[in-house]
Amino acid sequence: VQQCKGVSSTTGSDVGQLKQPAAVCTGPRPHVTEYGNHRVQQFRTDGTFGPHGSDDGQFDRPLGVCVHGDRVLVSDQNNNRIQLFRTDGTFVCAYWSAVLHVVGD
């Protein structure tokens, strides 16, 4: 198995280190959500999104990530929202759970 450029082989919270990675989205700029560090890291460029918290651009247990063009969607589990960013990490907006609920059986 080869390491991605910029990814450390040790667990931690420094740039390039991972703690409980939850999801990865591949492409020209791979993104990894980290459950343990409450952030999203973007590899092959310098970048980390958000510290731990509940304000715009912050995360509490990010679990999923999807990159489409110049936009990044991140599921933020404990804040019950989906956050939208530009690929440079700039916060755009948040979609709250009340808007996203699907009524089922």
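Select Arg81 to begin: leaving aside neighbours within four places in sequence, Arg81 is in contact with Gly53, Ser54, Asp55, Asp56, Gln58, Val74, Ser75, Asp76, Ala94, Tyr95 and Trp96. Contact here means heavy atoms within 4.5 Å. The model is predicted: local features need pLDDT of at least 70, side-chain atom pairs count only at pLDDT 80 or more, and totals for chains, interfaces and linings use all residues. Residues are numbered from 1 along each chain as its sequence is written, and side-chain values use heavy atoms, with hydrogens and water left out.

**Around Arg81**

Stay on Arg81, which sits in strand β7 (residues 81–86). Strands (E, at least two residues) and helices (H or I, at least four) are DSSP runs, numbered from the N terminus. Is Arg81 buried or exposed? Arg81 counts as buried because its relative accessibility is 3%. Buried means under 20% relative accessible area, exposed means over 50%, and partly exposed is in between (1.4 Å probe, protein chains only).

Now add Asp76, which forms a salt bridge with Arg81; the closest N and O atoms are 2.8 Å apart. A salt bridge is a side-chain nitrogen of Lys or Arg within 4 Å of a carboxyl oxygen of Asp or Glu. Asp76 is buried too, with a relative accessible area of 1%. Then show Ser54: its backbone oxygen lies 3.1 Å from a polar atom of the Arg81 side chain.

**The other salt bridge**

How many salt bridges are found in the whole structure? The search finds two. For the other, select Glu34 and Arg39, whose side chains meet at 2.6 Å, N to O. Both Glu34 and Arg39 are buried.

**Gln20**

Next, go to Gln20, in the segment before β1 (21–25). Gln20 counts as partly exposed because its relative accessibility is 45%. With neighbours within four places in sequence left aside, Gln20 is in contact with Thr33, Glu34, Tyr35, Gly36 and Arg61. Look at Gly36 in that group: its backbone nitrogen lies 3.4 Å from a polar atom of the Gln20 side chain. Then check Arg61, which is 41 residues from Gln20 along the chain, with 9.8 Å between their C-alpha atoms.

**The aromatic rings**

Two aromatic pairs are counted. Select Phe59 and Phe85: the ring centres are 5.7 Å apart and the planes are at 50°, so the pair is tilted. Rings of Phe, Tyr and Trp (its six-membered ring) pair if their centres lie within 6.5 Å; planes under 30 degrees apart count as stacked, over 60 as edge-to-face and the rest as tilted. This pair links distant parts of the chain, with Phe59 in the loop between β4 (48–49) and β5 (62–68) and Phe85 in strand β7, 26 residues apart. Phe59 has 0% relative accessibility, so it counts as buried. Phe85 is buried as well, at 1%.

Add Phe91, which forms an edge-to-face pair with Phe85: 5.9 Å centre to centre, 80° between the planes. Phe91 is partly exposed, with a relative accessible area of 25%. Ring pairs thus link Phe59, Phe85 and Phe91 into a cluster.

**The core and the whole chain**

Which residues make up the largest nonpolar core? Select Cys25, Val40, Phe49, Phe59, Val65, Val72, Val74 and Phe85, eight residues in all. A nonpolar core is a set of buried Ala, Val, Leu, Ile, Met, Phe, Trp, Tyr and Cys residues joined through side-chain atoms within 4.5 Å.

Finally, zoom out to the whole protein, which has one helix and eight strands. Of its 105 residues, 36% count as buried.

Conventions
A polar contact is a pair of N or O atoms within 3.5 Å; within protein, one must be able to donate a hydrogen and the other to accept it, and residues adjacent in sequence count only if both atoms are side-chain atoms.
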